[in-house]
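Hi everyone, thanks for coming along. Today I'd like to walk you through one protein model, slowly enough that you can follow along on your own screen. Do open it up and turn it around while I talk.

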Amino acid sequence: MSHGSVEESSGEEAGARAQAIERPRERMYAFGPAVLSNVELVALLLGGGRAEQRALALLQRLGGLAGLMRGLPHELAEAPGIGEASATAVCAAVELARRIGQLQLPVDAAVRGSDDVRRFVHAHLRGRSQEVFLIIGLDSRRRIRLIKEVGLGSVAHVHVHPREVFRPLTQAGAHSVILVHNHPSGEQSPSESDVGLTHRLVECGWMMGIPVVDHLIVTDGGCTSMLALGLIPEAPLPAETPL
């Protein structure tokens, strides 16, 4: 074989390797999943021909990753080029991601503040199409004793009665509570009704000896702490004992 033929063959092999490394599967294998775009990650789940084009069309149809998290299998399957197998594979991946995020709960460790439960509540509530009200009861050592959904509302509102919040807490022997609810609309700021409900629950907590540590508002983009915003009222000073 001539020297020119060897160089030509080596160049073709190098070109083939470069072309292979451009494909999502090979790039993930070589460099890890973080280097791939959202479209490429979804394309790997879909598989088959024209996977990236179908993945792009699916994300555009659903409104990005936030819509993908809320999508049901039959909704995904209605998209062009997405059958039942691909739709269920994507939904399974979304649910696995949610469950992995829920593992971030400090079950046996003391909860120093709402930051310690942010990843858990975000994984638990993101993608929900209705407002959900969740309570996290803590024991005397600030360890998690209870996690319970106590209210399910509409896309823009959830109403809970103090009785629904504090009954399970007293039954579980909780000493304090973190309140959590989500905003499917994506609005991160608390509404007037959120503030009013929080103040009412804080007052009930004072009377029942189960103080409210914080109230978190969860959106697909993150969590907002009402304590950090200065919207959790301070505990009242105890009345002076008469002489």
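I'll start with the whole chain, then go through the strands, and finish with some charged pairs and a surface patch.

Please keep in mind that what you see is a predicted model. The protein chain has 243 residues, and 41% of them count as buried. Along the chain there are 10 helices and 5 strands. The chain exposes about 14,000 Å², and carbon and sulfur atoms supply 54% of that area.

How much of the contact network joins residues at least 24 apart, if we take contacts between residues at least 6 apart in sequence? For this chain, the share is 59%.

Now to the strands. Let's begin with β1, which covers residues 132-138 and has 7 of its 7 residues buried. You can look at both of its faces. On one side sit V132, L134, I136 and L138, and on the other F133, I135 and G137, and every one of these is buried.

Which strands does β1 pair with? One partner is β2, residues 144-152, in the antiparallel sense and over 7 bridges. If you want a spot to zoom in on, find L138, which stands opposite I144 in β2. The hairpin of β1 and β2 has 5 residues between the strands, and there R142 takes a positive phi near 65 degrees.

The other partner I'd like to show you is β3. β1 and β3 also run antiparallel, with 6 bridges between them. Here, F133 has H181 in β3 as its bridge partner.

From β3 we can step across to β4. β3 spans residues 176-182, and with β4 it pairs in the parallel sense over 6 bridges. Try finding N182 on your screen: its bridge partner in β4 is V218. Between these two strands comes a helix, α10, residues 192-208, and together β3, α10 and β4 make a right-handed β-α-β unit.

Is β4 itself enclosed or open? In this strand, residues 212-219, 8 of the 8 residues are buried, so β4 is largely enclosed by the rest of the structure.

On we go to β5, residues 222-225, which pairs with β4 in the antiparallel sense over 4 bridges. A hairpin with 2 residues joins the two strands. Remember V218, the bridge partner of N182? V218 also stands opposite C223 in β5. A little further along, L216 stands opposite S225. Both faces of β5 are covered too: G222 and T224 on one side, C223 and S225 on the other, all of them buried.

Let's leave the strands and look at charges. Side chains of opposite charge can pair when their charged atoms come close. How many salt bridges does a search of the whole structure find? The search finds 7, and I've picked three to show you.

The first example is R23 with E26, where the closest N and O atoms are 3.5 Å apart. R23 has a relative accessible area of 42%, so it is partly exposed. E26, at 25%, counts as partly exposed as well.

My second example is R27 with E40, whose closest N and O atoms are 2.4 Å apart. R27 lies in helix α2, residues 24-31, and E40 in helix α3, residues 38-46, so this pair ties together parts that are 13 residues apart in sequence. Both R27 and E40 are buried.

The third example is D116 with R112, meeting at 3.2 Å from N to O. Is R112 buried or exposed? Its relative accessibility is 72%, and since exposed means over 50%, R112 counts as exposed.

One last stop, this time on the surface. L96, I100 and L103 make a nonpolar patch there of about 340 Å². I100 belongs to helix α7, residues 84-102. At 51% relative accessibility, I100 counts as exposed.

So, if you'd like one thing to revisit later, go back to β4. You'll find β3 paired with it in the parallel sense and β5 in the antiparallel sense. Thanks for listening, and please do ask me anything.

Note on methods: Residues numbered from 1 in each chain as written. Predicted model: local features only at pLDDT ≥ 70, side-chain atom pairs only at ≥ 80, totals over all residues. Heavy atoms only, no water. Buried < 20%, exposed > 50% of the residue type's maximum accessible area, 1.4 Å probe, protein only. Pairing = 2+ DSSP bridges. Right-handed = clockwise from strand over helix to strand, strands pointing away. Patch = residues over 30% accessible without salt bridge, like charges linked within 9 Å, V, L, I, M, F, W, Y side chains within 5 Å. Areas by Shrake-Rupley, 256 points an atom, 1.4 Å probe, with all protein chains shown as cover. Salt bridge = Lys/Arg side-chain N within 4 Å of Asp/Glu carboxyl O. Contact = heavy atoms within 4.5 Å.
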